[in-house]
Amino acid sequence: MEARSLSVLLLLLAAAATPAPRDGEPRSCEAVRKVFQLRQLGSFRGVPEFPRAGVDLQVCTSKNPTCCTKKMEERYQTAAKQDIQQVLQTSSATLKFLISRNAAAFQETFEMLIKLAENYTSTLFCNAYRNMAAEAATRVQEFFTDIALYIFGTDISTKECVNRFFDNLFPVVYNHMINPGLTDVTLEYAECLQMVRRDIRPFGDIPEKVIRQMGRSLLPSRNFLQALNLGIEVINTTDHLHFSKDCSRALLRMQYCPHCQGLILSKPCMGYCLNVIRGCLAYVAEVDLHWQGYIQSLEELSSAMHGTYDVEHVLLNFHSLVNDALMQARVNGPELTEQVNKVCGPPVRKPTQSPHCSFDRNKYSQGLKMFSRDVEETLASRRKEFISHLRLYRAFYGGLADQLCGNELAAADDIPCWNGEDVVKSYTHHVVGSGIKAQAGNPEVRVKGTDPVINQIIDKLKHIIQKILTYYKKKNHYVRQPTSSRENLVEISRGRCHSIGYTGN
């Protein structure tokens, strides 16, 4: 790709040695033919050898003879749209990589964290409660599978996950610790124990404590991952825009109509470029304030993901709470037996005994030491670093047209440039701002209505911002954010803010 671009550049520089005359009429179409072929727009045989009358042209019209045909104009229009798509994707590539790389890294870290917490809990049973470890292992695995499903987006209740875990654990604890026998209780008796667990509260207030901790710690992590995936979706959407007919014609006129007059090296004037690109990206500019609100909400969410209810702290200390729950059940054993007998009767047992612990403690001992509690610092520092880089892209969509014209498309200052009709010293038309409302006075592109695809992605940004705000309301405090900024975030989530247009020359 780079070699081809270099070849085209060398050809264009060579062609510049024989520029078009001052009256705008090219002497020959040879340079146009070669560029047309090198750009793989078609065979050079379809390009006139010498200028001709362009009466059949729809966009690249001129009073002078032209090197273009109607077929060439169609090919140029396709190329113009492809070019701007490529420039858009190039401009967002670093941002997209930043978010996608961190989304994958955070997901992998959460997966490791969940697995480590599961291993801690399984090790607890094998070390301290070996006779019930084999049966408990299934309950532990099911619980952490539910936790992973929740963090990664499945619509399940953390409260029900915790209650189900302690419901299923109680028959195991009762059978092996509170009222042990030579064999296990029957399935029917175990089901009765599950049903009475919430009424007789064998584990005291530990399940409720776990429910509070899990609810407050897992939701921010879930929202954080969902927000990162949404960021990727936003960029993918704006990277693959559907351009209107009027925009497509304006892009053709700006990018390739100069070729028809033999001006293959001419670039558009800055003001002209801004009008065309701001018109074509008018709908995308509407994303700007919602994108700013999205990054601001991620900042606040990241700042709040620490302390007692931090997901790392809660998951890696879950086994300690389980141990507290088991100790409480043991202490209250006689009273629990009496309560169970009133509802379920005396234990009904199977003829066979369940196996003992089969968990390989040595297999995980090294991993537990390597991936110790400093994972909290690792996640915190990674979030901080990610947010510091993401913050640099807060105004990405508001300044996108300026970036494309300034870095890629437009001519430098004080250099003769293309104004849509001819090469001139400067562009004299009014330059509009960004956003849909500002396009009413755009002399180059007509913008009508709204884009349903962009509206949908804006609605998704509003939704994730609102989810994060709801989380803060439940915590009854805001973290590291002035009141005015929070109010602005609320306004953005409600869609009450409007884009502010940029102007240029």
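Is the crossing of α3 and α7 left-handed or right-handed? In this predicted model, the crossing of these two helices is left-handed. The axes of α3 and helix α7, the latter spanning residues 206-239, come within 9 Å and cross at roughly 160°; since angles over 145 degrees count as roughly antiparallel, α3 and α7 are therefore roughly antiparallel to each other. The residues through which α3 contacts α7 comprise eleven nonpolar, eleven polar and two charged.

Helix α3, which covers residues 70-128, also packs against helix α4, residues 133-151, and here the axes come within 10 Å and cross at roughly 160°, which makes α3 roughly antiparallel to α4. The passage of α3 across α4 is a right-handed crossing. On the α3 side the contact is made by Phe 110, Ile 114, Ala 117, Glu 118, Thr 121, Ser 122, Phe 125 and Cys 126, while α4 contributes Ala 133, Ala 136, Val 140, Gln 141, Phe 144, Ile 147, Ala 148 and Ile 151. By class, the residues of this contact between α3 and α4 divide into twelve nonpolar, three polar and one charged.

From these helix pairs one can turn to the interior. The largest nonpolar core has 146 residues, and those with the most contacts inside it are Tyr 76, Phe 125, Met 214, Ile 277, Trp 291 and Leu 315. Helix α3 supplies the largest share of this core, with 21 residues. Leu 315, if residues up to four places away in sequence are not counted, touches Leu 113, Ile 114, Ala 117, Phe 144, Ile 147, Met 214 and Leu 218; among these, Ile 114, Ala 117, Phe 144 and Ile 147 also take part in the contact of α3 with α4.

Terms used. Residues numbered from 1 in each chain as written. Predicted model: local features only at pLDDT ≥ 70, side-chain atom pairs only at ≥ 80, totals over all residues. Heavy atoms only, no water. Axes fitted to C-alpha atoms, helices over the stretch in contact; angles between N-to-C directions. Helix = DSSP H or I, 4+ residues; strand = E, 2+ residues; numbered from the N terminus. Parallel < 35°, antiparallel > 145°, perpendicular 65-115°, else oblique. Left-handed = near helix turned anticlockwise from the far one by under 90°. Contact = heavy atoms within 4.5 Å. Nonpolar A, V, L, I, M, F, W, Y, C, P; charged D, E, K, R; others polar. Core = buried A, V, L, I, M, F, W, Y, C linked by side-chain atoms within 4.5 Å. Buried < 20%, exposed > 50% of the residue type's maximum accessible area, 1.4 Å probe, protein only.
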